[in-house]
Structures are given as structure tokens and as C-alpha cells.
Amino acid sequence: MKLHKQDIIKALQGILPENAVLFEAEDLHPYECDGLSAYRRLPMVVALPDSVEQVQQILGFCYQNDIAVVARGAGTGLSGGALPDEQGVLLSLAKFNQVLEVDSEARQARVQPGVRNLAISQAVNKHGLYYAPDPSSQIACTIGGNVAENSGGVHCLKYGLTVHNIQQLKIVTIEGELLTIGGSGLDSAGYDLLALMTGSEGMLGVIVEVTVKLLPIPERAQVMLAAFDDVVKAGAAVGNIIAAGIIPAGLEMMDKLAIRAAEDFVHAGYPVDAQAILLCELDGSNSEVSEHILKVRAILQNSGATEVRTAKTDEERLTFWKGRKAAFPAVGRISPDYYCMDGTIPRKRLPEVLKNIADLSEEYGLAVANVFHAGDGNLHPLILYDANKPGELERTEEFGGKILELCVAVGGTITGEHGVGIEKINQMCVQFESAELIQFHAVKNAFDVKGLLNPGKAVPTLHRCAEFGAMHVHHGELRFPDLERF
Amino acid sequence: MTDNDISKDLQQQVAQALSSRTALNIQAGNSKQFYGRAASGDVLDVSTHRGVINYEPTELVITARAGTPLKELEQLLADNNQMFGFEPPAFGDSATIGGTVACNFSGPRRAFAGSARDFVLGSTIINGKAEQLHFGGEVMKNVAGYDVSRLMCGALGTLGVLLEVSIKVLPRPETELTLVQELDTNASLAKVHELARQSLPVSATCFDGHRLHIRLSGAEAGVAAARKLLGGDTLPANDNFWHKLKEQQLEFFKSGGDLWRLSLASNGPNLGLNGKTLYEWNGAQRWLIGDDRADVIRDRAARHGGHATCFRSQHDTEQVFHPLDGGLLAIHRQLKRAFDPEAIFNPGRMYAEI
């Protein structure tokens, strides 16, 4: 028999202190959405546990009574992964905010899932260490959410994603069982469940502890800024740097609209007449960085850069980055709303993808600013729109969907680092065949046979895909007929 | 390089095995037959499924059919001044990329650059329903769907037949040299931990019981500066130490007895086991040749959050890999069922239960 809301609240109050169970509408509103505010829903009830035992009890109770559970960290996710379930429990891990142990010798830190990404680096700074993945929301986002989304950041070309920088997880299964995945070493026995859990978007278990790997803070980091009068030349320059055997710590590209918006906002001294700029950060030992700077400067110049600057001081370096890091809010200043996309493409396809985006931009009458993790092909087109204009959000979402399908068509993916969540669930039908989606559901069943963890996210049902296909394939025409497909 | 696509053929063989409920023993180069529990079933020969499907040096990725010899791929990468960052051991000339990924074998660079699993970006597999499925891709950042490609790494073929793998590659370091210092175990481990906390171009460490070997890789100036800072003798460039280490051809590996691989925190203590130990990966991978009982070895490793694998044995071993706890074993069983419902792929090769 299905329990009533009152019974569920009562049961949770039996597990948690009274003020750790929220159910009045005004208390639920802060949880109605994550960083993707276009989707909003109130949960039935919010649970705020502060111990692993409480999480186990809550999940065990939900499992017994078929109640959906959506785990949530800081709620900064950009794909609606933490969008609540109206009939379910929103499990906030905000109270799990302790760094439990730092082993500076083994370069590991054991932390609770609600610890903020940047707080880890701050906690270990005194040992000369840091945690490498640095999503742009790192001031606010939590490590538990980072694991759930396999977050990246501007430095992942060289230092990898979350999956490369963690070594142990403690998770609670939907049945309430506590499992340790991974180990104290660099691998563990059996299947690589650590990789499977990372990026699983809260679908397989609830993360209650994370052991991260730490790296020594590089002796020196230096950033260069290069301006180009042509986006294609900037793209080629990226390939030339890598062809020279140099893996920069960060390699970012911005197009004209993004450059101007950022410059107006933070006055980073960007060349506003450029069609594109590249920011290239090199790090390592002092002598290594010196050698690479000379090489990269020559490559940029030979690739047709109209201007190459090297930050002379650490302050100037941070100024160079400031514009890039503020690109999203900067675009937010020039448009009432913007919609951030997250496709990844093989880098060499950049010119045609940018051209297609420009064509779509014209077709939809919506401007696009492009910010690009150029080194690893992760593209963040920002579609500028006004939610107050009737129908504009819908047009924006359709436009965004087409950009993602374009990414798939050139051999890329619909999401590089933001996750599928609820936002890109339809595009999963474009990227994967039915048999692959069925395989994903089988993986989900291996952990959560009742489908209670984050229902409706990350992997679409075949039924949903059939509806989406019926909606989107007109006259059997393929979109982007000019593109080679593989 | 031979270019031959037998994926349809393989799929058909899997379909037949499925309908007759016949177990399949997936094999390519057969260079890793020694590893894992005994194989059984009809051989599914992947060795002629060969060739590079896509290699774009500036995209830092290569996609190849699973039966492509590792040697050929490494040569192709070297011709383009690139390499596999995980420095895979081959254990024989016939080794293939598929087998390497299925075993998740990684060499001396692993602690500094990552394992095979870290570099795998995508894969095409045949699952236990005889379906061809594609996961991941050729791009470095991709979070669409569960990371099935990495799940295949180290699964010893028990979840599916690898058809193609896409792997991130790295530029070859501009220069490389190895420093050697005479130190004892404790001093060696202290030294590597001290170095690991600094911004130095170290790409491998090994303590063989007598001497500490440190490899430096990278830009000329960076390596030269680190060499000066570290001191010690430089090994002749033709010494091939790291190659012999990863292929287990050093003197250490030549003595008889079971070879155990212990994986635990780099600063985990001396486990007090009988026999001799060689330390790699700053201490996170330890090779042990000794005569302690398996349960004693496993218990010591587990006590420090690690695990122990009976890597090579003179006799058939019932338990090669570290036993799994109840909850984890249940998930392994369920995952096995999710990919291979009729248990036709390499049954019992990893654990008796899967």
C-alpha cells in the first residue's frame, strides 16, 4: 500500500531531528530547481540527514515503501539532475560538509560529499597540494555532485575529469546498504564500479564519502592570450600546439560576442576587435614552463595570431582568466536570459560546427556567444533569449537541441560535463540506439531494480524516444544533410 | 597494417553460442592466458579483427579493432611521436589492444599518467544478447550515459566481447632519463613520497630491493633541472630497465614461486610478509614473491584498504582475485546478468560466481 505524505513525514521524523525534515511549501521552494532554473518542481518532502546511518535508514525506508529519492548537493548542476520528484524525498547532503582526513604523504583526502570543490583545495593548500578538477562553479558546487556528474573544468585537458581524480567512494544503495567502492590504492578488485558510479547522476546509489587524489601545486603557471581575426585560425592553432607535443594545463577559446561581453563586464583588457581569442595556460616546473612558453608563442604567431600576450605577473594571469571565468555572467548582462549548451566535438570539426550554429542562430533569430574548452573539444554555446517573450524559451530549447544533435552528427556527444539530467534526455535518443538504452536500463536495474533513485533522469525510456522521434523527424529528412556522418 | 573487420562474424558466433547455451572463451593474442582463473568454453577468436579505424594525432585519440596487435599500434603512435600514456605491458609479441584493455594492464607510468581505464574513451562491444553496442566516443569529455567503456576495462571479457576501443594518446616526452640511487626500502619510499609532493617531471619509480630508480620525462630544461636537484647516477639510455620491469623480465621476477600483485596506498606500511618485494608506482603497486598463504597475504593487504592478486602461479588457483564482500559481490552478479544474461562470456575467468 502506498503511504500518504503525512506517514512519510512522520517516518522521516522518526529517523531525523524534527528540523531536518521539511514539508511546508515555503521550506520546499529553495529545492524546486538546481542550476537549470527553467525546470521547477516541489518535492514532497526534503530530508537533511547528517550521518551515514540516517541516510541508510532513509533509503531503506524509501525502498520498503517504493518512494522515489533524489539526492542533492549544492544544487549548482546545469542539467536538472537534482530536479525533485513531486512524489518523492529530496535527500540533501548539505550537512555532510567535513573534510575527514588529509594524508599529505599519500596525497589523498577523505571528504564528505557536501564539501565544496574549492574547499578541498583550500584545506590542503598548507601541504602544497590541490584537487585538480575545477568546474567553473567550484566556489559553490560539492564534491558529491562532482562525482555524480563527472565534472571537468578548464584544467581537465591535462589533469583529467573527476573520474581520474578520485580513488574511493562510500555509497549507500537504495536498499540502505553501505558499500565501499575503490580502495586505498590505485585500483581495486572486481569490476570498475568507481568508473561506473562516476557520472551516474544519482541513478545508482547515494554517495556519502569521497576519497580524492591530490596533486602538488605546480611551481609555476603562466598564461598566454592570443588574438585571431578568424575562428578557423584559432582552432588550427590549438591543433598545432598539441601536434608540437605540448599539453597545456588549460586551453580556452572565446568568440567575438563572448569576448565583448566579458570585456564590458570585467575589463580584462581583451582585444575586442578580435574574432576569437585563445587563452593558453602552461604549468609545471619553472624551467619547463619557460621552455614551453617560447615554443607556444612561436606556434601561435605562426598560426596567424594577430597578437600574443604573456601575463607578466600573477595578477595579470588572473585578469586574463577573469574574463573567461566571468563569461557566463557577462553574457547574462547583455541578455535577459541565456541558455548554456554543453556538447563535445572532435576539435577538427570546429569550423563547420560554428558555421552551422551561426546558420541556426540566424534561422531562429537568437544570438549565440561561444565559449569553448578548445583543448578537449567541449563547446559551450550560450543562446541569448528573453523568457518574457512568449514562445522564446521553447524556441531556444529547440535551437539548443539542434546544436546537440549537430554535435552527435560530427562524431561528438550531447554532453561533455554538465550531464544529461532532465535537460538532454530527448537528445539521448539521438546519441544512442534502442539496444544501448536498454543496456543502460539493465545497468540501472543491477543497482536499483525498483527505479527509485532519481527517476526519469539521465536515460530515456524507449517510449519517450519514440515520441521524440515522431515529433522531430519530418518527411524523413535528416538535419544537417551537408555533414558527413559517422 | 592489416585491416580486417569480422564483427558480423563474431556477432553471429555469439548468437549461435547464445542459442546453444555454449560458453565462449574470448581470445585474441592469447598472451594473457596465464592471468585470471582457468578459461573454459569454445574459443571465440578475435585475433583477425584488426586494423586502425581512426587515428588523428592532433585529436590525441586512436580507435582500433580489438585484435590489433599492441606492437603495431605502439609503432604507429611512435611514428607520430605519440604513445599510450599508460605504458601497457604486453607479456608477449601477440598481445592485442583488446586484451590489454580487458585486463586493464598498465605499466610504470600508471601512477603519474593514469591506467588503461583512464585513457579509454569509448568502445564497441557485443553483449550477451549478441547485440553490437557502442558507448562513449572519441572525445575526451563525454558524460552521456553510464561509463560502460571504462566498466569493460579489467572485466576480463566477462561482460562482453570488445570489438573496438578508442583510446586517448599522449605526446612522447621530448627527453627521458633514469636516475639510480643506492637506498634501502624505507629511504626509497620516503624519497618517492618527498618527490611526489613537488612539481617535478617524474614519470616512474621503482625500488627493486637494492636500488631506487627514478625516471624523469618531459621538456629538456625541466628534466635537466630535476636531474641536478635529485642527483644519483644516470642509467645508460640503452638499459631498457623500464621495459624489462613492465614485461617482468628483471632478475626479481625470475625466481620461482607465486607472483603476487599488491595494490594499496603508496604509503601503506611494510606488510611483514615472507619473501621479497619490488615497489612501483611510488609504493602503490608491490610485487611479492614469497611463500605466505593466500589468505594471509590478502588479509594484510585488505587491512590497509588494498587488495592482492595472485598474478602468476605455478598451479591452478581457485581464487586469483581478491574475494568480494557480500554487497559488492551481489552487484557484480547483477551486472554480469545485465550484460550477459546467459553467462556465456568467459564464465568463471574472474570469479567463480560470474
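Two strands count as paired here if DSSP finds at least two bridges between them. Keep that in mind for the close-ups below, which come from a predicted model.

**View 1. An open, four-stranded sheet in chain A.** The strands line up in the order E1-E2-E4-E3 (chain A), and their pairing is mixed. Strand E1 (21-22) and strand E3 (69-72) of chain A sit at the edges with a single partner strand each, so one side of each has no neighbour in the sheet. At the E1 edge, E1(A) runs antiparallel to strand E2 (residues 45-47) of chain A, and two bridges join them. Look for Val21(A) across from Ala47(A), its bridge partner in E2(A).

**View 2. A hairpin and its neighbour strand in chain B.** Strand E15 (residues 276-280) of chain B picks up two bridges from strand E11 (residues 202-207) of chain B, and the two run antiparallel. Here Phe207(B) has Tyr279(B) as its bridge partner. E15(B) is also joined by five bridges to strand E16 (residues 285-289) of chain B, again in an antiparallel arrangement. In that pairing, Leu278(B) is matched with Trp287(B). Four residues lie between E15(B) and E16(B) in the hairpin, and Trp281(B) in the turn has a positive phi of about 50°.

**View 3. Two tyrosines, edge-to-face, in chain A.** Searching the whole structure turns up 23 aromatic pairs over all chains. One of them is Tyr130(A) with Tyr159(A): the ring centres are 6.4 Å apart and the planes meet at 85°, so this pair is edge-to-face. Tyr130(A) belongs to strand E7 (residues 129-130) of chain A and Tyr159(A) to helix H6 (residues 156-159) of chain A, so the pair ties together parts that are 29 residues apart in sequence. Both partners are tucked away: Tyr130(A) is buried, at a relative accessible area of 16%, and Tyr159(A) is buried too, at 19%.

**View 4. Two phenylalanines and an arginine in chain B.** Phe34(B) and Phe91(B) make an edge-to-face aromatic pair, with 5.5 Å from centre to centre and 85° between the planes. The pair links distant parts of the chain, 57 residues apart. Phe34(B) comes from the loop between strand E1 (24-27) and strand E2 (42-45) of chain B, while Phe91(B) comes from the loop between strand E5 (82-83) and helix H3 (97-103) of chain B. Phe34(B) counts as partly exposed, at 25% relative accessibility, whereas Phe91(B), at 12%, counts as buried. Now find Arg312(B), which lies over the face of Phe34(B), 3.9 Å from the ring centre. Arg312(B) also lies over the face of Phe91(B), this time at 5.2 Å from the ring centre.

**View 5. The aromatic cluster around that pair.** Phe34(B) and Phe91(B) belong to one aromatic cluster, whose members also include Tyr35(B), Phe105(B), Phe252(B), Phe253(B), Phe311(B), Phe321(B) and Tyr351(B). Trp287(B) is in the cluster as well, and that's the residue bridged to Leu278(B) in View 2.

**View 6. A helix from each chain, packed together.** Helix H16 (residues 434-447) of chain A packs against helix H12 (residues 326-339) of chain B, with the axes 8 Å apart and at an angle of about 160°. Angles over 145 degrees count as roughly antiparallel, and H16(A) and H12(B) are therefore roughly antiparallel to each other. The crossing of H16(A) past H12(B) is right-handed.

Terms used
Residues are numbered from 1 along each chain as its sequence is written. Chains are lettered from A and ligands numbered from 1 in the order in which they are written. This is a predicted model: local features need pLDDT of at least 70, side-chain atom pairs count only at pLDDT 80 or more; totals for chains, interfaces and linings use all residues. Side-chain values use heavy atoms; hydrogens and water are left out. Rings of Phe, Tyr and Trp (its six-membered ring) pair if their centres lie within 6.5 Å; planes under 30 degrees apart count as stacked, over 60 as edge-to-face and the rest as tilted. Buried means under 20% relative accessible area, exposed over 50%, partly exposed in between (1.4 Å probe, protein chains only). A charge sits over a ring if NZ of Lys or CZ of Arg is within 6 Å of the ring centre and within 35 degrees of the ring normal. Axes are lines fitted to C-alpha atoms, for helices over the stretch in contact, and angles run from 0 to 180 degrees between N-to-C directions. Angles under 35 degrees count as roughly parallel, over 145 as roughly antiparallel, 65 to 115 as roughly perpendicular and the rest as oblique. A crossing is left-handed if the near helix is turned anticlockwise from the far one by less than a right angle, and right-handed if clockwise.
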